[in-house]
Amino acid sequence: PDPRLKLIARPVEKVDDSVRRFIDDMYETMYNADGIGLAATQVGDLRRILVLDIAQKENRREPKVFINPEISWLSEETNTYTEGCLSFPEHFADVVRPKKIKVKYLDYDGKQQEVEADELLATCLQHEIDHLNGKVFVDYIPPVKRDIILRKLKKEKRNDD
Ligand code: NI
């Protein structure tokens, strides 16, 4: 609904203390909202940074940050998850995505890393990387269903104003 969600984020040139402070703020925002993932785009910042913590589902905290993430491989096998998004509160939809992926990224210390992700981690990473590319999960669902969600959100927004 917010046009800023359609913008494409720019790569981080150097991972310094100011970037790390921003990442710490993103962790806080994600935990405060009970989210398992957050892209910088969602807080109005156009740097290619995303944070996630899928361990929260088991009441643990394992924060992870992915700076300049790039998908280097996708499996042909797919998986369907019922996805939600902090930018679309209370709305969920089944999205089909590759089940496994490999992602190259810079970590909190600016070191180059690569991870092979499966299941929920793979889905979550793809969802958040989409945000950095101006894409949101409702782009994957049938237009009729998408319109229903967008109309409801507009109505809710009007009621809040
Ligand atoms: Ni999202």
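In the predicted model, the chain carries 27 positive and 31 negative side chains. The centres of these two sets of charges are separated by 4 Å. The accessible surface of the chain amounts to about 9500 Å², and carbon and sulfur atoms account for 47% of that surface. Of the 161 residues in the chain, 44% are buried.

The secondary structure consists of three helices and seven strands. Read from the N terminus, the order of the elements is α-β-β-β-β-β-β-β-α-α. The chain has a radius of gyration of 16 Å, close to the 15 Å given by the globule rule for 161 residues, and is therefore as compact as a globular protein of that length. Along the principal axes, the C-alpha atoms occupy a box of roughly 45 × 40 × 30 Å. When contacts between residues at least 6 apart in sequence are considered, 61% of them join residues at least 24 apart.

A nickel ion is bound through three side-chain atoms, namely SG of C85, NE2 of H127 and NE2 of H131. The coordination distances are 2.1 to 2.2 Å. The spacing of the donor residues along the sequence is C-x41-H-x3-H. C85 belongs to the loop between strand 4 (78-83) and strand 5 (93-98), whereas H131 belongs to helix 2 (residues 119-132), so this pair ties together parts of the chain that are 46 residues apart in sequence. C85 and H131 are both buried.

Helix 2 also contains T123 and E119. T123 has a relative accessibility of 5% and counts as buried, the cut-off being under 20%. With neighbours within four places in sequence left aside, the contacts of T123 are with Y81, E83 and R97. E119, in contrast to T123, is partly exposed, with a relative accessible area of 34%. The backbone at E119 has a phi near 50°, which is a positive value in a residue other than glycine.

A positive phi is likewise found at N59, where the angle is near 60° and the residue is again not glycine. N59 is placed in the loop between strand 2 (49-52) and strand 3. The relative accessible area of N59 is 75%, and the residue is exposed.

Strand 3 (residues 64-74) includes E70. The relative accessible area of E70 is 57%, which places this residue in the exposed class, for which the cut-off is over 50%. Apart from neighbours within four places in sequence, E70 is in contact with K102, V103 and K104. E70 and N133 are 63 residues apart along the chain, and their C-alpha atoms are separated by 11 Å.

Conventions:
Residues numbered from 1 in each chain as written. Predicted model: local features only at pLDDT ≥ 70, side-chain atom pairs only at ≥ 80, totals over all residues. Heavy atoms only, no water. Helix = DSSP H or I, 4+ residues; strand = E, 2+ residues; numbered from the N terminus. Rg over C-alpha atoms; globule rule 2.2 N^0.38 Å. Buried < 20%, exposed > 50% of the residue type's maximum accessible area, 1.4 Å probe, protein only. Contact = heavy atoms within 4.5 Å. Areas by Shrake-Rupley, 256 points an atom, 1.4 Å probe, with all protein chains shown as cover. Lys, Arg positive; Asp, Glu negative; His and termini not counted. Charge placed at Lys NZ, Arg CZ, Asp CG, Glu CD. Donors = N, O, S within 2.8 Å, 3.2 Å for Na, K, Ca; no water.
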